[in-house]
Amino acid sequence: MTYELNVAHLYGDLMNTYGDVGNLLALNYYAKQMDVKLNVEVVSLEQDFDANKFDLAFFGGGQDFEQVIVSKDIQTKKQALTDFIEDGGPVLAICGGFQLLGHYYVDAKGDKIPGIGALDHYTLSQDNHRFIGDIVIKNEETGETYHGFENHQGRTFLGKNERPLGNVIEGKGNNGEDGTEGAIYKNVFCSYFHGPILTRNGNLAKRLLVAALQRSYPDADLTSQEALPIPATF
């Protein structure tokens, strides 16, 4: 049986720094291995997010100028996105997308930019400094190791009911202090990994797809999809 999943690419025309759109290419590649057809739709400015229409959402990163524009528009989608997340909707959020799902972030000029507070984290800024370089993390719950590249000025601190995507083995991570990188809340996976993350970490792509399938096809036998080995490198 071939399954179909509808994917919302949140602000895909504005939030695509460092080729993060490649996550969708990688997700589609792995989806084909699992007999899943992806239908991707960009949801951008002045467009509603229909929580009942989509099975999975991707939210990439952007420059400060674009993020400020998005931060204002996304308030109109706050309730729908929060409902989707609370109902177990799978989301992959990278860098700016990660920040905007939280309460707020402080930009390079020191301005406090509101997020939607769907997740309980916040992001501060650094003065004339960025975390840049290769990074390796390990998720203690699954035992999976993720490899990537980080490039961010923000320092994110996780909040209630959030756990890190992984603990830092090499690199700086969320804030360079507490040894965490990214965030997991329900079926939301956040990270500062650019590159993009799914091209080097197929196991994470599989987790997103399986979560979406389990939610959208609750009565289906997904044993073969769950058991399918996925290579760690795209």
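## A walk through the predicted model

Let's start with the record: an unreviewed UniProt entry annotates residues 6–201 as "domain: CobB/CobQ-like glutamine amidotransferase". Keep in mind as you look around that the model is predicted. Across that annotated span, 21% of the residues are helix and 33% are strand, and the C-alpha atoms at its two ends sit 22 Å apart.

A good place to zoom in is the pair of residues that the same kind of record flags. Under "active site", the unreviewed UniProt entry lists C95 and H194. Although spread over 100 residues of sequence, these two cluster in space, with a largest C-alpha distance of 7.9 Å. The model also has them touching: H194 is among the residues that C95 contacts beyond four places in sequence, along with G61, H152, S191 and Y192.

Take C95 by itself for a moment. You'll find C95 in the loop between β4 (91–94) and α4 (96–101). Is C95 buried or exposed? C95 counts as buried because its relative accessible area is 9%, and the cut-off for buried is under 20%. The backbone here deserves a look as well: C95 has a positive phi of about 50°, although it is not a glycine. As background, most residues other than glycine have a negative phi.

Now swing over to H194, which lies in strand β15. H194 is buried too, because its relative accessibility is 4%. Leaving out residues up to four places away in sequence, H194 touches T17, Y18, D20, I94, C95, F149 and N151.

Two of those names, Y18 and N151, lead to the next stop. The unreviewed UniProt entry lists R130 for "binding site", and among the contacts of R130 beyond four places in sequence are Y18 and N151, together with H152 and Q153. So which residues link R130 to the annotated pair? Y18 and N151 each touch both R130 and H194, while H152 touches both R130 and C95. The side chains of R130 and N151 are also joined by a polar contact of 2.8 Å. R130 itself lies in the loop between β7 (122–124) and β8 (131–138). At 36% relative accessibility, R130 counts as partly exposed, whereas C95 is buried and H194 is buried.

While we're on backbone geometry, there are two more spots to visit. N161 also has a positive phi, of about 65°, without being a glycine. N161 is in the loop between β10 (155–157) and β11 (166–170). Unlike C95, which is buried, N161 counts as exposed because its relative accessibility is 55%. The other spot is a peptide bond: G195 and P196 are joined in cis, with omega of about 0°. For context, most peptide bonds are trans. P196 lies in the loop between β15 (193–194) and α5 (197–200), and β15 is the strand that holds H194.

Next, have a look at D73, which sits in helix α2 (residues 64–73). D73 is an acidic side chain, so where does it sit, buried or exposed? At 11% relative accessibility, D73 counts as buried. The D73 side chain makes a polar contact with the side chain of K77, at 2.5 Å. Setting aside neighbours within four places in sequence, D73 is in contact with Y11, S44, L45 and E46.

Last comes the empty space inside. Rolling a probe the size of a water molecule over the atoms shows where empty space is left. How many cavities of 30 Å³ or more does the structure hold? The structure holds one, and the largest cavity has a volume of about 30 Å³. Its lining is made of N23, L24, L27, L56, A57, F58, L92, L198 and L208. Both α1 (22–33) and β3 (56–59) supply at least two residues each to that lining. Sorted by class, the lining of this cavity has eight nonpolar residues, one polar residue and no charged ones.

Definitions and conventions: Residues are numbered from 1 along each chain as its sequence is written. This is a predicted model: local features need pLDDT of at least 70, side-chain atom pairs count only at pLDDT 80 or more; totals for chains, interfaces and linings use all residues. Side-chain values use heavy atoms; hydrogens and water are left out. On a 1 Å grid over the protein atoms alone, a cavity is a set of points where a 1.4 Å probe fits but cannot get out, and a pocket is an open set with protein on both sides within 12 Å along at least five of seven lines; lining residues have an atom within 4 Å of a point. Grid points are joined across faces, edges and corners, and a volume is the space filled by probe spheres set on the points. Helices (H or I, at least four residues) and strands (E, at least two) are DSSP runs, numbered from the N terminus. Ala, Val, Leu, Ile, Met, Phe, Trp, Tyr, Cys and Pro count as nonpolar, Asp, Glu, Lys and Arg as charged, and the others, Gly among them, as polar. UniProt positions are given in the numbering used here, feature names are shortened, and annotations may be inferred rather than shown by experiment. Buried means under 20% relative accessible area, exposed over 50%, partly exposed in between (1.4 Å probe, protein chains only). A polar contact is a pair of N or O atoms within 3.5 Å; within protein, one must be able to donate a hydrogen and the other to accept it, and residues adjacent in sequence count only if both atoms are side-chain atoms. Contact means heavy atoms within 4.5 Å.
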